[in-house]
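Hi,

Here is the structure I promised to pass on. Have a look at it first, and then read my notes underneath.

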Amino acid sequence: MTDFVGLAEEIAREAGEMLLAKRPANPEVVQTKSSPTDVVTALDRASEELIRARIMSARPEDRVLGEEGGDTPGSSGVRWIVDPIDGTVNFLYGLPDWAVSIAVEVDGRIVAGVVNAVPRGEMFTAALGSGAVLKKDGLAVERLRCNSGVPLGQALVGTGFGYASGRRAVQGEVVAAVLPRVRDIRRGGSCALDLCSVASGRLDAYYERGVNYWDWAAAGLIAGEAGARIGGLHGTAPNSELTLCASPGLFEELHDLLVPLDPLRD
Ligand code: IPD
Ligand code: CA
């Protein structure tokens, strides 16, 4: 049986080293996607190519879903979910909050998740049912546990904004209504790292409209294994409409604050 966490970690480490070594002073934008500010750099593509090549050489029958390369078929029942750089805008500007995110699904269930926060030298990992760990410089330093018992009014809440201006206008209205009800808001620029921050107690909660499966697949498992609840609105699984994450109790409080704000109305 493959050690999926070990393999994902090895691949995420190699991709991270390549990105650090090759990041030029001013990375070039080679493509825009949903809007002119939704960018792809040459290194997003190079990172995904490296990750796909390593997966294919270790497990040629597996399926791979990647942000840049789409969903490529496989026959083993195993699918890898890859975000080659989460936080591409931070990467572009030389800000430190970006990460390589790799998750492994077996028969539709995420069983392993790895988020390599490259500039911070931090590797977050989790295996389903075995807890979540933060490693610094390759050494396990902390078993992760999310904060618990934090009331909404004391909560530090992470969120993010999509790339389309119409959606952002609604997200701005929603966050304006959340802000007076919580300790404060953070916008880090990487969904994967925001979820790892909930897992490690650096944030109490997170919500965002419009994130993709590759943004949260690995970090969602890490947060869940650290004791957080991750889901969508009205009891659904986390999804691209809205993803919320917090310890049980705070999750419901934030959920009930968001619902009347009609956050999906864009
Ligand atoms: C983005 C980041 C960001 C979030 C956006 C995502 P990308 O992913 O996770 O924090 O607010 O919704 O699209 O484009 O950097 O891979
Ligand atoms: Ca992403």
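**Where the ligand sits**

Ligand 1 takes up the space of the largest pocket. Bear in mind that this is a predicted model.

As for where that is in the fold: domain 1 (4-143) and domain 2 (152-261) each contribute residues to the shell around ligand 1, so the ligand lies between them. Which element gives the most to that shell? Strand β5, covering residues 78-86, does, with 3 residues.

The shell itself is a mix. There are 16 residues around ligand 1, and Asp86, Gly87, Thr88, Tyr163 and Glu208 come nearest. Sorted by class, the shell has 6 charged, 5 polar and 5 nonpolar residues.

Now for the polar contacts, which involve oxygen atoms of the ligand:

- Gly87 places a polar backbone atom 2.7 Å from an oxygen atom of ligand 1.
- Thr88 also uses its backbone, with an N or O atom 2.8 Å from an oxygen atom of ligand 1.
- Glu67 comes in through its side chain, where a polar atom lies 3.1 Å from an oxygen atom of ligand 1.

How much of the ligand does the protein bury? On its own, ligand 1 exposes 380 Å², and 95% of that is buried by the protein.

If you open the model, I would begin with Gly87 and Thr88, which are both among the residues that come nearest to ligand 1 and both reach a ligand oxygen atom through the backbone.

Cheers

Note on methods. Residues are numbered from 1 along each chain as its sequence is written. Chains are lettered from A and ligands numbered from 1 in the order in which they are written. This is a predicted model: local features need pLDDT of at least 70, side-chain atom pairs count only at pLDDT 80 or more; totals for chains, interfaces and linings use all residues. Side-chain values use heavy atoms; hydrogens and water are left out. A residue is near a molecule or strand if one of its heavy atoms lies within 4 Å of it. A polar contact is a pair of N or O atoms within 3.5 Å; within protein, one must be able to donate a hydrogen and the other to accept it, and residues adjacent in sequence count only if both atoms are side-chain atoms. Accessible areas come from the Shrake-Rupley method with a 1.4 Å probe; for residues, only the protein chains shown count as cover. On a 1 Å grid over the protein atoms alone, a cavity is a set of points where a 1.4 Å probe fits but cannot get out, and a pocket is an open set with protein on both sides within 12 Å along at least five of seven lines; lining residues have an atom within 4 Å of a point. A molecule sits in a cavity or pocket if more than half of its atoms lie within 2 Å of its grid points. Helices (H or I, at least four residues) and strands (E, at least two) are DSSP runs, numbered from the N terminus. Ala, Val, Leu, Ile, Met, Phe, Trp, Tyr, Cys and Pro count as nonpolar, Asp, Glu, Lys and Arg as charged, and the others, Gly among them, as polar. Domain bounds come from an automatic or database domain assignment.
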